[in-house]
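Let's take a walk through this protein together. Have a look at the sequence and the model first, and then we'll pick out a few places worth a visit.

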Amino acid sequence: MKKSLLIIFSFIISTGFAFAQNPVTGIVKGANGITIPNATIKVRGTNIFVSADANGAFSIDAKQEPPFYIQVSSVGYKPQDFQILKLQNSPIELVLVENTLLDEIVVTSRRRSEVLQDVPIPITVIGGQAAENAGAFNVNRLKELVPSVQLYASNARNTTLNIRGLGSTFGLTNDGIDPGVGFYVDGVYHARPAATSTDFLDIEQIEVIRGPQGTLFGKNTTAGAFNITTTKPTQTPSAKVELSVGNYNFIQAKTSISGGVAKNLAAKLSISGTQRDGTIWNTREERKYSGQNNIGFKGQLYYTPSDKLQVLLSGDVSVQHPAGYPLVIAGVTTTERSAYRQYAKIVSDLGYQQPKIDPFSREINTNTPWRHNQSIGGISLNVDYKIGNGTLTSTTAWRFWNWDPTNDRDFSELSALTKSQGNSRHDQYSQEVRYAGNITDKLSGVVGLFALGQNLQGLDQTEEVGKDQWRFVQTGNTGTQALYSTPGLLDGFGIKTNSTIKSLSAAVFAQVDWEFLEHFHVLPGLRFTYDKKDVDYNRVTYGGLQTTDASLLALKSAVYSNQQFSTSTENNNLSGNITLSYRPNPKLNVYGTFSTAYKPVGVNVGGLPTTSSGEADLSLAVVKPEYVEHYELGVKTKPAKGLLLNITAFNTDIKDYQTNVQSPQLGVNRGYLANAEKVNVKGLEVDGTYQLERFLTLNAALAYLDGKYVKFTNAPLPLEETGHTEIINGTSTQVAFKDASGGRLPGISKWNISGGAEFSTPGSLATKAGRYFIAGDASYRSEYSSNPTPSRVLNVKGYSLLNARLGFKSEKFSAFIWSRNIANKNYYEQLQAAAGNSGLYAGVLGDPRTYGATLRYTF
């Protein structure tokens, strides 16, 4: 036995020695034939690696017999695996392709891998590394890079994510409406807009797809979609750490580790944490608000037993406990109400000083703490199985969202509307099965089934007024109105709401790409969708003066009243599209599209306006679906080496456009939904990129958008027209609505421009070879309306932002300094009328200048 072990041991030593005497030698070059210095060469599945010298030459001892793989990588190039079938004495030549070749960007927007320029859809692609370098660690930052994207948020729940000005209602969120912009991460649909506030974790690529895409994606996407893919676990052990620090005590740390845990099974764990002090000072509480306090986790298991089967199990959770996101008082305007009901008169009568109108001092004086705590996450299982020339995919997911806020909705030191807490719990379950691939040489496509179930609960959602509210609701100081000043009548008076929306959306969809003549493609698609929503709503009053006086009770019920209703609604829809595409050569792709789409029926769970009898107006409980007709012409070109230029013109008509209405009634402070008869958005988009070798990269994009209400006869009055009267049947009558036909849609700037440049040059930092770089990006948005109905005062002025970074990057190490909003531009992202429409309005401020440094290391 000992002799046998000795023989085996001697054989192992001698074999190892033999291996050591036969290293793999070679030289690493680029596609242009120029050698690549200091590339990393690694034996796949081991920790054996070397670095090439300044002339690209290397020698590596694999310590094993062929066949085996070596991995070659270098900053600026696509990592490449090369199989070594036999050892040889002569050096081998290994060629890497630059990973920044613009005409080789691959997308999965049609649920299969395709070169971006070949896809007849307007798409903007942002690499994960590029997004991180630009400081875009969540979706909100991407709007500066993609002009056609609009994202406005006063907090995570009240988020409007639009493409080309369409998608979601602008302003305060009503949970009863579906978004029109699809948001997908690794094929999983995220139903709540709060998902846009979470930090990115290991993003590989972000595709922003413009226009209706209902025949390709699981959920209705009437305006477009975000298709986000993350990096998958690898068998080869690897890790990445990143640390950023900046002003306002900003610190962000990210790390991920990946590697094989068993045969054909790899795992990855990623963690991200972000903290920053607030930028808004509360003089009353002596604390800062509008800070960040986020932590996120993501774990993945990736099973690849064969070339045909891939199974990815993912789980993630993000927890955010920021120091609130308050609005600052932006101004006071005169309304058309009587002098007695103007904001300045009310404040004076209550004995307060007039509010300080200095929003960019970044100071507030509210007396209710702001809190916007949330947790969001889920589990998904994605299975890809190759069948024939295509792939059968199953994506199963469960996701949750918990929302725990407090807000001071009078935006001031007054005790008027002191609490607004829309506590929510959301669970969603989704299943998608689709097959995508090539049917013949001339025919390819995708066919799928999708189902989404949601349970959205409002949990003791609270709205409460304080001791000063009586003066805001008092219309005069005579008669029964004088009784509003009864001590304690409205103190602590409020409502608690519990509501449930249970919804089901199911669809079957298909689209094909048929080359019916040489270079001519026709792409028809169809979608059948079924939607159902069941609503239970129960609102109960509490607090205030406990009395049996009928007059006082009537005054209280005019402010808040009990409200309860249940409703159920369902509808189905057949929609589709057809695209014609002409691709005579790899440098030109001309296409035209006509499509129809729809957004499902909506329901109101923010409180309904009351009828003259004081009952809930149930005619407003259900909101009709949106119906979309969309036309688009586009051209994608490669006019010169390294240059891409794409142009798109489009026209979108929407019937029964779902819009958010801010009611003057306190009981519907969070707004309710209504339909505008017809809206139209048309525009032109131009985007181009240019790359000169690895030294210079330029990009620019322009979007001209013109969005109008074609017909909106029952629009709510803008703030300054509150109290407007008209002569009706010979009598002066106060009205609550107006004809806003021809007015502009909210949130849409006519001109949206962005651009960026990066220049780099080879160099070394200590012993690390890489490239020094300087980069910058700029964006401009022209003025836009910040109110459902065009207003003279609720308009956000146009603004420009400039960001820059400077540093060093190598294959494994990067270090750079950065600054965002270098010019320290003061600007609003949104303006809102305060509850009660007495003339006060507040704004969401954009971030001031921030700066810092980032270190990143992979190994």
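Is Asp 349 buried, partly exposed or exposed? Asp 349 comes out as partly exposed, because its relative accessibility is 37%. Keep that residue in mind; we'll come back to its partner shortly.

Before going on, a word about what you're looking at: this is a predicted model. Its average pLDDT is 88, and 93% of the residues reach at least 70. Two stretches score much less well. Residues 1-20 stay under 50 in pLDDT, and the model gives them five contacts beyond four places in sequence. Residues 664-670 are also below 50, with 40 contacts beyond near neighbours in sequence. Where pLDDT is low, the predicted coordinates shouldn't be read in detail.

Now back to Asp 349. This residue makes a salt bridge with Arg 471, with the closest N and O atoms 2.8 Å apart. Asp 349 sits in helix α4 (residues 343-349) and Arg 471 in helix α5 (residues 469-473), so the pair ties together parts that are 122 residues apart in sequence. Unlike its partly exposed partner, Arg 471 counts as buried, because its relative accessibility is 1%.

That pair has company, since the structure holds 33 salt bridges. Another one links Arg 434 and Glu 432, whose closest N and O atoms are 3.4 Å apart. Here Arg 434 is buried at 9% relative accessible area, and Glu 432 is buried too, at 2%. Asp 534 and Lys 532 give you yet another setting: their side chains meet in a salt bridge of 2.8 Å, N to O. Asp 534 is partly exposed at 30% relative accessibility, and Lys 532 is partly exposed at 26%. Salt bridges can also share partners, and in this way Arg 164, Arg 210, Glu 632, Glu 685 and Asp 687 are joined into one network.

Next, let's drop in on a loop. Thr 366 lies between β25 (363-364) and β26 (371-387). How accessible is Thr 366 there, buried or exposed? Thr 366 is buried, because its relative accessible area is 0%. Its side chain makes a polar contact of 3.1 Å with the side chain of Asn 282, and another of 3.1 Å with that of Trp 370. Leaving aside neighbours within four places in sequence, Thr 366 touches Asn 282, Arg 284, Glu 285, Asp 408, Phe 411, Ser 412 and Glu 413.

Finally, a couple of sheets. One is an open sheet of three strands in the order β4-β1-β7, and its pairing is mixed. β4 (57-60) and β7 (92-96) are the edge strands, each pairing on one side only. On average, neighbouring strands here are turned by 35 degrees against each other, direction ignored. Strand β1 (residues 24-30) runs parallel to β7, and the two pair over five bridges. If you want a spot to zoom in on, try Gly 26, whose bridge partner in β7 is Ile 92.

The other open sheet also has three strands, ordered β24-β52-β51, but with antiparallel pairing. Its edges are β24 (328-332) and β51 (828-833), which each pair on one side only. Neighbouring strands in this sheet are turned by 30 degrees on average, direction ignored. Between β24 and strand β52 (residues 840-845) there are four bridges, in the antiparallel sense. Look for Val 332 here, standing opposite Leu 840 in β52.

Technical notes:
Residues numbered from 1 in each chain as written. Predicted model: local features only at pLDDT ≥ 70, side-chain atom pairs only at ≥ 80, totals over all residues. Heavy atoms only, no water. pLDDT = per-residue confidence, 0-100. Contact = heavy atoms within 4.5 Å. Pairing = 2+ DSSP bridges. Axes fitted to C-alpha atoms, helices over the stretch in contact; angles between N-to-C directions. Buried < 20%, exposed > 50% of the residue type's maximum accessible area, 1.4 Å probe, protein only. Polar contact = N/O pair within 3.5 Å; in protein donor to acceptor, adjacent residues only side chain to side chain. Salt bridge = Lys/Arg side-chain N within 4 Å of Asp/Glu carboxyl O.
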